Amino acid sequence: MIKHIVMYTLKEGVDKAESVNMIRSVLMPLVGQIPGLSKMEVCQAYQGMDYVLYAEFSSQEALSAYQKNPLHLQAKSHFGHLIDSRVSADYEV
């Protein structure tokens, strides 16, 4: 299993709580629609970053396919313009 963690900061002036709720609403439905994506959490962060995405994938190949999946790319089009920076890490268990 691959665990995928991404921490984001949003652009200055963006309503963080509203944005995180919207981001969650477009990303969470991807679970069950994208092969190999078994779990996802999108939560507002309290220190340092604005929100965190946590996801679990069946394999590295599934994570790679997710990155290019049209459903994922369509979801990102709703909020990509709000993101200022991101830091990510993946690990296998």
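Where is the place of His4? Before answering, I note that I am working with a predicted model, and that every entry below rests on that model.

**Entry: overall layout**

I began with the chain as a whole and found that its secondary structure comes to three helices and four strands. Following the sequence from its start, I read the pattern β-α-β-β-α-α-β. I then looked up the extent of the chain, and its C-alpha atoms fill a box of roughly 35 × 25 × 15 Å along the principal axes. The radius of gyration is 13 Å, which agrees with the value near 12 Å that a compact globule of 93 residues would have.

For the surface, I noted that the protein chain exposes about 5500 Å², and that carbon and sulfur atoms supply 53% of this area. Buried residues make up 39% of the 93 residues. Among the contacts with a separation of 6 or more, I found that 69% are accounted for by residues 24 or more positions apart.

**Entry: His4**

Returning to my opening question, I located His4 in strand β1. Is His4 buried or exposed? I recorded a relative accessibility of 4% for His4, and because the cut-off for buried is under 20%, His4 counts as buried. Its side chain makes a polar contact with the side chain of Asp90, at 2.5 Å. Leaving aside neighbours within four places in sequence, I listed the contacts of His4 as Leu53, Tyr54, Ala55, Phe57, Leu63, Gln67, Ala89 and Asp90.

**Entry: β3 and its partners**

Several of the residues that touch His4, including Leu53 and Ala55, led me to look at strand β3, which spans 51-57. I found β3 mostly covered, with six of its seven residues buried. β1 and β3 run antiparallel and are joined by seven bridges, and I noted Leu53 in β3 as the bridge partner of Val6.

How many bridges join β2 to β3? I counted seven here, and these two strands run antiparallel. Two of the pairs I wrote down are Met40 with Ala55 of β3 and Gln44 with Tyr51 of β3. β2 and β3 form a hairpin with six residues between them, and in the turn I found Gly48 with a positive phi of about 80°.

**Entry: the nonpolar core**

Which residues touch the most other members of the largest nonpolar core? I found that this core has 25 residues, and that Leu27, Tyr51 and Tyr66 are the ones with the most such neighbours. The elements that give two or more residues to this core are β1 (2-10), α1 (16-27), β2 (37-44), β3 (51-57) and α2 (60-68).

I followed Tyr66 further and, setting aside neighbours within four places in sequence, found contacts with Leu27, Leu30, Ile34, Leu37, Met40, Phe57 and His72. The contact with His72 sent me to helix α3 (residues 70-76), where His72 is found. I recorded His72 as buried, with a relative accessible area of 5%. Not counting residues up to four places away in sequence, His72 touches Leu27, Leu30, Ile34, Tyr66 and Gln67. I note in passing that Gln67 also appears in the contact list of His4.

**Entry: Ser25 and Pro29**

My last entries concern two residues that are partly exposed. Ser25 is found in helix α1, and I read its relative accessible area as 46%, which makes it partly exposed. A polar atom of the Ser25 side chain lies 2.7 Å from the backbone oxygen of Met22. I also looked up the separation of Ser25 and Ala75, which are 50 residues apart in sequence and 9.3 Å apart in space, C-alpha to C-alpha.

Where is Pro29 found? I placed Pro29 in the loop between α1 and β2, and at 41% relative accessibility I recorded Pro29 as partly exposed. Pro29 and Pro70 are 41 residues apart in sequence, and their C-alpha atoms are 14 Å apart in space.

Notes: Residues numbered from 1 in each chain as written. Predicted model: local features only at pLDDT ≥ 70, side-chain atom pairs only at ≥ 80, totals over all residues. Heavy atoms only, no water. Core = buried A, V, L, I, M, F, W, Y, C linked by side-chain atoms within 4.5 Å. Buried < 20%, exposed > 50% of the residue type's maximum accessible area, 1.4 Å probe, protein only. Contact = heavy atoms within 4.5 Å. Pairing = 2+ DSSP bridges. Rg over C-alpha atoms; globule rule 2.2 N^0.38 Å. Areas by Shrake-Rupley, 256 points an atom, 1.4 Å probe, with all protein chains shown as cover. Polar contact = N/O pair within 3.5 Å; in protein donor to acceptor, adjacent residues only side chain to side chain.
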